[in-house]
Structure formats: C-alpha cells, structure tokens
2 protein chains.
Amino acid sequence: MGLFVYKFGGTSVGTVERIQAVAEKVKAAHESGDQIVVVVSAMSGETNRLTDLAKEMQKTPVAREMDVLLSTGEQVTMSLLCMALTNLGCSAQSYTGGQVRIVTDSSHTKARIKRIDDKKIHADLSAGKVVVVAGFQGMDEEGSITTLGRGGSDTTAVALAAALKADECHIYTDVDGVYTTDPRVEPNARRLESITFEEMLEMASLGSKILQIRSVEFAGKYNVALRVLSSFSEGRGTLITYEESAVEQALISGIAFNRDEAKLTITGVPDIPGAAFKILGPIADANIEIDMIIQNVADDATTDFTFTVHRNDLESAKAILTATSESLGAKSVTTDEKTVKVSIVGVGMRSHAGIASKMFEVFADENINIQMISTSEIKISVVIDEKYLELAVRALHAAFELDKDPAT
Amino acid sequence: MGLFVYKFGGTSVGTVERIQAVAEKVKAAHESGDQIVVVVSAMSGETNRLTDLAKEMQKTPVAREMDVLLSTGEQVTMSLLCMALTNLGCSAQSYTGGQVRIVTDSSHTKARIKRIDDKKIHADLSAGKVVVVAGFQGMDEEGSITTLGRGGSDTTAVALAAALKADECHIYTDVDGVYTTDPRVEPNARRLESITFEEMLEMASLGSKILQIRSVEFAGKYNVALRVLSSFSEGRGTLITYEESAVEQALISGIAFNRDEAKLTITGVPDIPGAAFKILGPIADANIEIDMIIQNVADDATTDFTFTVHRNDLESAKAILTATSESLGAKSVTTDEKTVKVSIVGVGMRSHAGIASKMFEVFADENINIQMISTSEIKISVVIDEKYLELAVRALHAAFELDKDPAT
C-alpha cells in the first residue's frame, strides 16, 4: 500500500478508448490498495485546436485569456476520466488547478507553482476515492487561471507528489522507459531499471525528449522518485532517483546524440581581452542558442574560435559572424552543417578514470575523426561528421557493454 | 451612460466571425460611454459535442463531472471574446461562474443561484473594462462547479443584472423582438415595442420560445428590465417590463399557438368524489404533462372528462386512459390528434370586458368550431381543429388590430 501520483499525457488520453484504458489501469492500482492521484493533460490535438481559435481572434492573444482558454483542455479530460472510473465502479473526483489550490505566480502562460493545498486531496483519498487533477494549470493569488507552460502537466504531477509525500510519481508516456540509447540507431539498446536525476538531465538536454527538463529538476529538488512507464503496455519502466539509491553501478548509463548541430569557426582573431564576448555577444543578442564553444590559441598574436548552433540558425549566425570577423580584422569564417554531437552520460565517471580515453580509443579504432570535445562532470560530448553517427553510437554501446544488465 | 448586461446565446457566438461581430457590437456600446457586462453561452454545437463524449464514458454521466465538462464550453467562448475585444482595442476581462462568485446550491446540472459577489465586476467596470462572464455556470459552497440547466445563460444574465442593478438586461437572439404572432403564419405580425412580464410568460409557455420561462420569472421577481434583440441586425427589440411602465395600451398583446396538442375524452364516468384524480393521476404518474382539462356533467349520475397532452404522448396516454376507463366502468375513450391551441394574451383583459365574446365572435364569423375553452386572468385559449389554425390566427390578428401600432 502506498500513495502514487500517475500522470498521463495527451497521447495517453487522446481518444475515448484510451481514456477508458487509463481508467482500467487506475482502477486496478486502486483495487490493489494503493491511493492514487491522477494528473491528466488535454486530449492530444485539443491544445492545437484551441490555439488556432485564439489566433483567429488576435495575432498575439492576451496571455491571461489564453490561459483561460487552454485550461479547458485538461478540464475536459479530467471529467471524462472521472466518468469512466465511476462507470467501472471506482469512485473518483476531479479538481481543476484552481479548485485544488495549486497557487502560482501571475506569469500567465509560464507560471511557477508557489504552493499546493493538499487538504481536499487527502480527505478524498482517505474516503477511498481516486482524485483526478488537471495538469498544466493553477490559479494566482487573485483567482485568475494560469498555465505552467511546456511540460506543465509533468510539473503538476511532480509538485503534487512532493506536496502529498507520494511514494512515487509515475509519468506514463508512449515509451516504456529510458533506454541506453535510441533503439532505432542501436537495436541492442536496453531499458534502464534506474537512472539518476543528473544523468536524466544530461540525457534530456541532449535530445532524449522523454521528460521535460523542468519536471526532472523539480523532482530532484524535492526528492520525488520519478518513474517513466508506458501507457500502452505493462512493465516497470525506469526509475529516476538519487545516485545513492541507484541499483546499477555501470560506468556510463547511456549514449545521447543530437543531429541538429552546425559548426562555425572564426580563425585569426587578434588575441585581446574581450574577443570572446565580441564574437559570441552578437550571436546571443540575435536569440541564437550556442551549444559547444572551443577556443584554441593559434599562435602568439591570434586565436581561433569554434562553436555550434542549431542547424536552423546557421545562416543567420554565419551572417553575424562574418560581420564580426570584418570589424575584428579576423582571418576567415568557415561553417559545417554536416556535424552531429554524440555524448556518453554516467555518474560512474566521477569515480572512474580513463572513461574519456576509452571513448577516444573507440573513435580511433573506427577511424572517426573527432572535431570538438567538451566535458562535464558526468558527460563527455564530441562533435563528429554526421556520416559516422550510427557507427559511433553502436561502437560506444558495445565498448561500454550497455547491452548487458549490470545487475546480473 | 448606463450599466447594461448583454447576453449572447450559442448561435450568436457560433463561429469565429460571429464572436468578432459580437465584439464589434460590444465595443460600440462601450465607446458610447456605457458600462457593459457580457454573458456568453457555449459556441453552438459545443455542448452536444461534449455531451456525446460524456455518454461514451458513462450511460448516465455523474452529474458533478458533467458540470465540470459542460462548463468548459462557456469558458472557451468568454476567453475568445476577450481576445477579440482586446484586438479591437477594447480592454476586457473574463470570469468563470466560480471566479465571479456566482454561488449556487449543489444541485448539479440544475443548480439555483444563491448569491453573486459583484465586487470584482464593479472594480473592472470602474477601471474602464468590459467584463465577460460565462453563462450557465456557478460554484457551490464547497467550490464544485455547477450548471444551471436549460436556459441557464439567460438566468445568469438576469441574475447579474439584478445584482449589479443594471439599467437593462439585453438578451440577443436570432429574432429581432417579440411579435404579435408568428410572422410565418401572419405576415402582418408586428414587433412589439414592449410587453409585460406576465404576458411574456403566457406567450412563452404557449410556444413562443424566445426566452426561457425561468429567466423571465426571475427578471419579473427582481424587477430587471429585459430587452430581446437580434444579434444579427440593428433595432430596439422588445422591452419586457412591468405593466405600469408599458407604453402600449392594447387590449391584447399577441396571439400564441401550439400545434402539438392532442385531445383525449373519457365519457360516462360515474360522478363520484375522486374521479378526476383516478383519471389524471395515472397519466401524471407516467410523467405525461397535461395541458388543458375540462369536465362536463353529462347527466345526473355520470360525467365527461376532456384533456390535452403533447402529441408525442398521445399513444401512452390513451393506453393508460383505456385501462382507467375499464376499472371505473366508464362508457368510452376517444382521442383526436388533429387539434391545435390558439390563445390571445394581454393584460388589457383585466380591465376590459367583452374580449372573450369578441374572440368567440371571430370564430363564429369564420365558421370555426371551438372544442375546448380555457381562461386565465390575461389569456384565453381555445382548442380547434388544426386545419383552422392559420385562418384563426389571421382573423384574430385583424379583429384585434394587432397590425396597428397602438402608440400612434
């Protein structure tokens, strides 16, 4: 017996049949004796439908009214799920963000949760009810409806789990857990039993888009055990937890990659203080996100800069950099959009030396030229030619024995 | 300068274009210096869509969750209207029933308004904003969403007008006012400048379905001046008001009719106490609404009963009546479904004798046989053969000079 928060996203509640399937899953857990709080998103497609209506009214719809509009999406889902649960003989009660007192600040369309009043929920759970809460939304101190922005339903679920001191927060998605790498690239990719919050953050930011980074950060901060599972199949999914409680002791947990990197190099920059700012400042001012940055000293008087941006931003970044190059009296600007980033992630790196050299050995053995290297405490990333992506991922997966369960 | 509550029904806000047209109308009124509170219904079709979804979940959806679901309809409209208004440069703010504190009892799907907190609205109006409120919904003392049942948006508008002490409550519909009779039957039918609440109630209950009876009763009780106007054209509509303030002094205000009457007669009923209850009780028990009832004494020992029901209920009523007839030892049961009811309505009847005889004279002149007669203080109804309906309406319209404006 425990208290669990289940979160189902838009695809999981996208049709009448899927809502009924969710109801069956929740009912089974409830009948086994667990207390269940369900957080739901809007049915898939609904948010787009409402956004389209809004845009017909106003090019940039008023944020406050946008929140009033979008929040109806989860309200529809939560009432339908309660009906489906009641139909199965499972007593259930729904609450909007405002009704359950998820109090947020007043930053419409991207509000932050300030506090949650758990009284009503605990009373309902004690009375044997399933509680269904609208994800993504809250209410500010003045009583205006707010929404939490992208991935807001995950955030609601984690915040509720923290407030209710739930045993686990289950995030139901269309994948059955977190994998050592993308199974479409490496068929031997294996579902991880567990992963640490930090690893998950690195994996998520590197393109494994299972969970919103914000909800993972939130879960880490409030020590909420997160579990990623599939809505559509059985299975234990992947537990995202603190390092100390991690079952696996692998050196690295997974291989993430990003196909959208484009590389820019400016050479022969006079090596004076402020050169980095003069080069990267105008790029940032144009709202272009810079990923990796590398600076080499070329000779005594000049230096070379290389950095990567999203491929969509390459053209504008190049134009800005060319202008900068002229004003700085640099030598040349070159670009390469046929690059990708491959990263190995794992908390094991902290205590094990030689992981970087093992990675580089793999690349040397496969004759893959490394163009850039960047490291953090639990991650090593390299930029390589895009044609080597699959080869690199599979070679690393094999070399670090990710296909083998470390617990056995 | 005044304070007005405008109510727009589902057809008036049924499309993006119509919501924009409503915004134009509201903006014009606001710019002329009036304070405007707008009450909106769900976009036409939306309530059916949601109801269909609910029925897929549960044959008889839980009432509390049904209210959660249906209340999203008005929430969508109100936010879209606020966007459209803001887009026109007209500052606007929306409120759900719960947000504006329309407190109701907890009778889900048919709640009654207990009180309204007008603080927020007055503050917004004073700040120069248009206030848009979701019709049809409220919140009970526990914070659960409730809905007011059929015609609930009219009720919301009237209740708000009463609470805010508005100068007038405008109900925008797809007709441009209340007519002396149905213009499809009598092309000379004339729009009334004003009509009393009592007359409106009689007209409405007799089949002129412009306003929900409940909102008219409500308006009468709280002395709210109601005006019925068209959303789609200009014009002053019809003011529904107290008798003393009525401009027109016509003997009768209008002619209502009902094509759905079916007549049942039971003859030779032993004239004993309780006979009426024995005959009509089983009909009422079967949830069949009885309209007109007439009892004649046939001879010393027996009596005849005639009553009308909706045509859809004729077959079941006949079966019940036949069973009753046998158990009472009555003579016969006859039915007629080719009947209609025609009524003249007017507060002028109170102070003028001879109106009934004038009506009967018209029927005599036209050779129309009257089958049943029923009268109230401000209404005389007759049941006639359906083939005479149009003739009767036109003859009465002419005889009572309803095509002429009494004010001129």
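Q: Which residues have the most contacts inside the largest nonpolar core?
A: The model is a predicted one. Its largest nonpolar core holds 208 residues. Those with the most contacts inside this core are A:L81 and B:L81.

Q: Which residues does B:L81 touch, not counting residues up to four places away in sequence?
A: Contact here requires C-beta atoms within 7 Å. With residues up to four places away in sequence left out, the partners of B:L81 are B:I19, B:V22, B:A23, B:V38, B:V40 and B:V132.

Q: Which element gives the most residues to the side of chain A that touches chain B?
A: In the contact between the chains, 25 residues of chain A meet 25 residues of chain B. The elements of chain A that give two or more residues to this side are α2 (46-57) and α3 (63-87). The one that gives the most, with 14 residues, is α3(A).

Q: How many residues on the side of chain A that touches chain B are nonpolar, polar and charged?
A: Chain A has 25 residues in contact with chain B. By class, the residues on that side of chain A divide into 14 nonpolar, 9 polar and 2 charged.

Q: How are the two copies related?
A: A turn of 180° with a shift of 0.0 Å along the axis lays chain A on chain B, and the RMSD is then 0.1 Å. The two copies are therefore related as by a two-fold rotation axis.

Q: In chain A, which C-alpha is nearest the axis?
A: The axis is that of the 180° turn that lays chain A on chain B. The same surface serves both copies, as 100% of the contact residues of chain A recur in chain B. At 2.6 Å from the axis, the nearest C-alpha in chain A is that of A:T72.

Q: Which are the edge strands of the open sheet in chain A that has the order β13-β18-β20-β19?
A: This open sheet has 4 strands, and their pairing is antiparallel. On average, neighbouring strands are turned by 20° against each other, direction ignored. An edge strand pairs on one side only, and in this sheet the edge strands are β13 (254-258) and β19 (370-376) of chain A.

Q: Which residue of β20(A) stands opposite A:S374?
A: Strand β19(A) is joined to β20 (residues 379-385) of chain A by 6 bridges, and the two run antiparallel. Opposite A:S374, the residue in β20(A) is A:S381.

Q: What angle does the direction of helix α10 of chain A make with that of β19(A)?
A: Helix α10 (residues 355-365) of chain A packs on the sheet and touches β18 (339-345), β19 and β20 of that chain. Its direction and that of β19(A) make an angle of about 160°.

Q: Which strand pairs with β11(B) in the antiparallel sense?
A: Strand β11 (residues 226-230) of chain B runs parallel to β9 (residues 168-173) of chain B, with 5 bridges joining them. In that pairing, B:I171 has B:V228 as its bridge partner. On β11(B), B:R227 stands opposite B:L239. The antiparallel pairing, over 3 bridges, is with β12 (residues 238-241) of chain B.

Q: Is B:P270 buried or exposed?
A: B:P270 is found in strand β14 (residues 261-270) of chain B. A residue counts as exposed if 12 or fewer other C-beta atoms lie within 10 Å of its own. Because B:P270 has 12 other C-beta atoms within 10 Å, it is exposed.

Q: What distance separates the C-alpha atoms of B:P270 and B:T302?
A: Among the residues that B:P270 touches are B:A301, B:T302 and B:L328. B:P270 and B:T302 are 32 residues apart along the chain, and their C-alpha atoms are separated by 4.4 Å.

Definitions and conventions. Residues are numbered from 1 along each chain as its sequence is written. Chains are lettered from A and ligands numbered from 1 in the order in which they are written. This is a predicted model: local features need pLDDT of at least 70, side-chain atom pairs count only at pLDDT 80 or more; totals for chains, interfaces and linings use all residues. A nonpolar core is a set of buried Ala, Val, Leu, Ile, Met, Phe, Trp, Tyr and Cys residues joined through C-beta atoms within 7 Å. A residue is buried if 20 or more other C-beta atoms lie within 10 Å of its own, exposed if 12 or fewer, and partly exposed in between; C-beta atoms are placed from the backbone. Two residues are in contact if their C-beta atoms, placed from the backbone, lie within 7 Å. Ala, Val, Leu, Ile, Met, Phe, Trp, Tyr, Cys and Pro count as nonpolar, Asp, Glu, Lys and Arg as charged, and the others, Gly among them, as polar. Two strands pair if DSSP finds at least two bridges between them. Axes are lines fitted to C-alpha atoms, for helices over the stretch in contact, and angles run from 0 to 180 degrees between N-to-C directions. Copies are superposed by least squares on the C-alpha atoms of residues with pLDDT of at least 70 in both.
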